[in-house]
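Ready for a quick tour of a protein chain? Have a look at the sequence and the 3D picture first, then come back for the notes.

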Amino acid sequence: MRVALAFVVSVSGMVLSLPDPLCKTGVADIKGEACCPKTCGSCDDESTECNPADKANAQLACCPSAIMGQGRDDTGKNRLCDVGAPPCRLGEDYQAARKDPMALYNPDDVNNVERHARDDCNVAVEAELGRHKLASYFVKREGTSYDGGEGSCGTYTNLVDAANACRADKDCFGIQKNGDELCLKIALGSAHEDETKTTYIKIKDRKGDDFGPGITAVSSVMQLQKCLKHVQQQ
């Protein structure tokens, strides 16, 4: 049989109960009025600890009604969690915390910021998925431009949006970045060195299937680089 005990400390020979206004060392009842010791498992008048088959073994510290002094006992009489450990009655601090749980974890006003992760989590997740798709569906060629035809330019404010549009367009071969301007490529043509430009060649379509023209273009560039490296080593 488990015995519910209050958390105590000894100071100069005196035994003192530590305050627990938020019931952190105990378990609160469903109404948020009583705090039972954690050893109770639950703070419920119908629990086996509070209401066992053998009434003589009832653990009144596990009974909200007893803690609140509602007839069975006066276990909770004049015992507030603000000044003592469970079993005890919960006060205004706990009620305020139930209404605003984030206040419990904001001792230094860390949540009082203009932008908080809890407010833009879905936006952040979508943006991160977009960056992963950009890295998985395109091959980045920095310092390289292609003289093939261009589609829409200046429509997209970031690479992720441009990549999503290109993946959805079967006629888009990639994205060319010139400074802050982003252009969709409807053809690649010949590759040229250009330090001011970066090209993202599409190698997979929106379904994740291989995009043949893009893979061919990437393979050609890789083969050319391999040949140039071989010549330089001669």
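Here is a short briefing, sorted by topic.

What you see is a predicted model, in which local features need pLDDT of at least 70 and side-chain atom pairs count only at pLDDT 80 or more, while totals for chains, interfaces and linings use all residues. Residues are numbered from 1 along each chain as its sequence is written, and side-chain values use heavy atoms, with hydrogens and water left out.

**The whole chain**

- The chain's secondary structure adds up to five helices and ten strands. Both kinds are DSSP runs numbered from the N terminus: helices are H or I with at least four residues, and strands are E with at least two.
- Out of 234 residues, 33% count as buried. Buried means under 20% relative accessible area, exposed means over 50%, and partly exposed is in between, using a 1.4 Å probe and protein chains only.
- About 14,800 Å² of the chain is exposed, and carbon and sulfur atoms supply 52% of that. These areas come from the Shrake-Rupley method with a 1.4 Å probe; for residues, only the protein chains shown count as cover.
- Take the contacts in the chain with a separation of 6 or more: 57% of them are between residues 24 or more positions apart. A contact means heavy atoms within 4.5 Å.

**The five-stranded sheet**

- One open sheet has five strands, running in the order β6-β10-β8-β9-β7, with antiparallel pairing. Two strands pair if DSSP finds at least two bridges between them.
- The edges belong to β6 (138-146) and β7 (150-153); each has a single partner strand, so one side of each has no neighbour in the sheet.
- On average, neighbouring strands here are turned by 30° against each other, direction ignored. The axes behind that angle are lines fitted to C-alpha atoms (for helices, over the stretch in contact), and angles run from 0 to 180 degrees between N-to-C directions.
- Strand β10 (residues 191-202) pairs with β6 over eight bridges, in the antiparallel sense. For Y146, the bridge partner in β10 is A191.
- As background, strands of a sheet pair through backbone hydrogen bonds, either parallel or antiparallel.

**E128 and its surroundings**

- Look for E128 in helix α3 (residues 117-137). Its relative accessibility is 34%, so E128 counts as partly exposed.
- E128 and V160 are 32 residues apart along the chain, and their C-alpha atoms are separated by 9.2 Å.
- The side chains of E128 and R131 share a polar contact of 2.7 Å. That term covers a pair of N or O atoms within 3.5 Å; within protein, one must be able to donate a hydrogen and the other to accept it, and residues adjacent in sequence count only if both atoms are side-chain atoms.

**Salt bridges**

- Side chains of opposite charge can pair when their charged atoms come close. A salt bridge here is a side-chain nitrogen of Lys or Arg within 4 Å of a carboxyl oxygen of Asp or Glu, and the count comes to three.
- R131 and E128 form one of them, at 2.7 Å from N to O. These two sit three residues apart in helix α3, about one turn of the helix. With a relative accessible area of 44%, R131 is partly exposed.
- D171 and K170 make another, at 3.5 Å from N to O. D171 is partly exposed at 42%, whereas K170 is exposed at 66%.
- K204 also bridges to D210, with the closest N and O atoms 3.2 Å apart. K204 is partly exposed at 25%, and D210 is exposed at 55%.
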